[in-house]
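I opened my notebook today to look around inside a protein. Come along and read over my shoulder.

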Amino acid sequence: MELADFIEKIADEQDQILFTEAFQAYNSKLYRSAYIIFWLTCAESLKHKFQVCARRGDSSARDLYQKITNQEGRHAAVDKAILSYAQKYGLITDAECQQLEYIYTMRCIYAHPYKTSPTKKEVEYAINTIMSIVLTRPPLFTQGYVEELVSKLTNDECYLSDVENIVRSTAQQWLAKIEPSYHKMFFEKYIQENELLLASPVVLFRRRAQWILDEVLKKISFAAYDDEEWYNWVATCPQTILDVLQVESSGLRQIGDRARDYLVNTILKSAEKAPEYLNILIPYLKDQEFLGHNYTIIHSRLLELPLDVLRCTQLSIDMYLPAILGALQSGNFNRQNEVATFISRNRDSISMLSSEQQFELGIRIHEAAIHGAFSAQSYINAIASSPNEYPLDFIKGLVQAVVVLDAQGRCIHVYWSQIKVLSSLFSNISDARDLIENINKSIQEYFERGFYSVTYKKMLEEQYDLNQCNWLTLQ
């Protein structure tokens with residue numbers, strides 16, 4: 001055993017002084033002296049850890065340190081008390097306390113010269129035990145500090161900044177100073193206290209808890225709890241867990257089926273009041289294998305939600321297109337106008353749809369305009385002024401709505417009032433030849449079959465040459 005191998009592992013330089021003296025006695029085969037000084041090194045190190053934590057603001061550590069110094073002031077024996085306080089505070093575990101109590105007991109025996117002297121192996125056991133349990137560990141915070149910290153975070157608005165990167169950086173500093181075995185305690189106490197604050201008008205508490213708890217979970221990981229434990233957590237603190245999953249939605253895969261079912265039900269139940277929670281589900285909406293029985297439930301619920309709710313989420317338009325198409329075909333002007341306004345404000349989202357979806361959306365919007373939805377009509381007029389900014393399949397749908405086809409694909413009606421709008425549209429769009437030809441063909445076949453009134457034909461003949469007219473380029 002070499003002194004250098006131990007010195008570099010000792011966390012506190014102050015502990016190196018006594019340890020060096022003890023090791024010199026060990027090398028000189030003065031095993032009794034070595035054993036006693038090694039114990040003194042252990043006791044003084046524990047005492048100093050209380051002092052350091054007290055200086056950092058831990059009132060529990062400060063109280064315990066004061067008790068130690070008071071006993072010393074009365075010249076009372078404090079070694080056993082130090083062990084008890086260290087166990088209570090969390091510097092050492094119950095099992096570690098028993099190991100150190102054995103060394104302390106033997107130190108009391110070996111301190112008497114008429115008693116048996118320790119052997120070399122016993123001294124080496126004391127060295128290795130004290131090193132691993134006490135000397136190699138920095139003075140980290142434990143239970144008292146954690147409880148104080150949670151209290152400040154949930155009661156004092158001004159205790160911490162409201163800037164995300166600062167909050168996260170500070171949380172990382174706290175976690176580095178807290179004994180790792182108490183990280184779970186921090187998570188548990190904070191999540192419970194934060195859940196009680198959800199009715200508080202101070203949104204700041206909830207927001208910074210979201211960032212801090214995410215940092216804690218990065219340390220302990222979702223695997224720190226089994227499936228049953230996660231179910232208990234989400235059943236007890238659902239809103240806080242959902243806040244955390246908004247930051248780290250991958251956690252939904254790691255909490256077990258029962259907990260996931262509980263959260264999915266909570267998200268869907270509160271969707272209209274808290275649509276932001278729907279964002280947690282976005283990465284999984286197309287993963288039917290993962291969602292299982294929740295897949296149909298989720299997608300059915302999405303179709304029932306108002307567009308103003310969906311608009312508050314990060315859902316892509318293809319996720320709730322059926323709801324949009326249903327509103328456009330409802331015959332309800334308010335719903336039709338709402339959809340047209342929504343689509344006009346989210347123009348880029350149209351390109352996220354498939355060609356078939358773009359085509360159908362174009363038809364339904366134009367149909368709504370034809371039947372009197374003023375926002376839809378205004379939207380089509382706006383498109384006509386800059387059609388090249390929209391996907392071609394969407395434009396094709398708008399054009400197709402001008403003619404009504406039967407089940408055999410034959411034209412049975414033409415909305416002449418929209419011809420002028422499309423005329424403007426086609427004067428600005430490139431690569432429109434095939435569209436013009438298809439619509440002209442449908443209209444020409446419509447006249448050839450003659451399924452319209454004489455009065456209707458006479459009115460058209462007064463304005464157009466029905467055999468020569470290119471309907472979509474009329475001025």
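**Entry 1: the core**

Which residues touch the most other members in the largest nonpolar core? I looked them up and found Phe186, Ile324 and Leu361, in a core of 138 residues. I noted early on that this is a predicted model. Helix H3, residues 31-55, gives this core its largest share, twelve residues.

I then picked Ile324 and listed its contacts, leaving out residues up to four places away in sequence. Ile324 touches Leu307, Ile317, Val339, Phe342, Ile343 and Leu361. Leu361 is also one of the three residues named above for touching the most other core members. A reminder from class fits here: in soluble globular proteins, nonpolar side chains tend to be buried together.

**Entry 2: the whole protein**

I stepped back to see the overall picture. I found 25 helices and two strands in the protein. Of its 475 residues, 49% are buried. I also checked contacts with a separation of 6 or more, and 70% of them join residues 24 or more positions apart.

**Entry 3: one helix up close**

How far does helix H21 reach from its first C-alpha to its last? I got 17 Å for the twelve residues 374-385, close to the 16 Å expected at 1.5 Å a residue. I also wrote down which residues of H21 are buried: Ser375, Ala376, Gln377, Tyr379, Ile380, Ile383 and Ala384.

**Entry 4: the largest pocket**

Next I went looking for open space. The largest pocket holds about 160 Å³. Its lining has 13 residues, and the closest to the pocket centre are Arg56, Phe141, Tyr145, Tyr159 and Trp174. Helix H8 (143-155) and helix H9 (164-177) each supply at least two of the lining residues. I sorted the lining by class and got five nonpolar, three polar and five charged residues.

**Entry 5: the largest cavity**

How many cavities of 30 Å³ or more does a search of the whole structure find? The search gives two. The largest cavity has about 70 Å³ of space. Among the residues that line it are Leu46, Lys49, Arg137, Pro138 and Glu179. Helix H3, which I met in the core, and helix H7 (120-135) each supply at least two residues of this lining. By class, I noted six nonpolar, two polar and three charged residues.

**Entry 6: the second largest cavity**

The second largest cavity has a volume of about 50 Å³. I wrote its lining out in full: Phe187, Ile191, Leu217, Phe222, Trp230, Ile241, Val244, Leu245 and Ile255. The class count here is nine nonpolar, no polar and no charged residues. Helix H10 (183-196) and helix H13 (238-247) each supply at least two residues, and H13 gives the largest share, three residues.

**Entry 7: following Leu217**

I chose Leu217 from that lining for a last look. Leu217 lies in helix H11, residues 203-220. Is Leu217 buried or exposed? Leu217 counts as buried because its relative accessibility is 6%, and the cut-off for buried is under 20%.

Which residues does Leu217 touch, not counting those up to four places away in sequence? I found Phe187, Phe222, Trp230 and Val244, and these four are also in the cavity lining. Phe187 sits 30 residues from Leu217 along the chain, with 7.8 Å between their C-alpha atoms.

Methods:
Residues are numbered from 1 along each chain as its sequence is written. This is a predicted model: local features need pLDDT of at least 70, side-chain atom pairs count only at pLDDT 80 or more; totals for chains, interfaces and linings use all residues. Side-chain values use heavy atoms; hydrogens and water are left out. On a 1 Å grid over the protein atoms alone, a cavity is a set of points where a 1.4 Å probe fits but cannot get out, and a pocket is an open set with protein on both sides within 12 Å along at least five of seven lines; lining residues have an atom within 4 Å of a point. Grid points are joined across faces, edges and corners, and a volume is the space filled by probe spheres set on the points. Helices (H or I, at least four residues) and strands (E, at least two) are DSSP runs, numbered from the N terminus. Ala, Val, Leu, Ile, Met, Phe, Trp, Tyr, Cys and Pro count as nonpolar, Asp, Glu, Lys and Arg as charged, and the others, Gly among them, as polar. A nonpolar core is a set of buried Ala, Val, Leu, Ile, Met, Phe, Trp, Tyr and Cys residues joined through side-chain atoms within 4.5 Å. Buried means under 20% relative accessible area, exposed over 50%, partly exposed in between (1.4 Å probe, protein chains only). Contact means heavy atoms within 4.5 Å. The expected span of a helix is 1.5 Å times one less than its number of residues.
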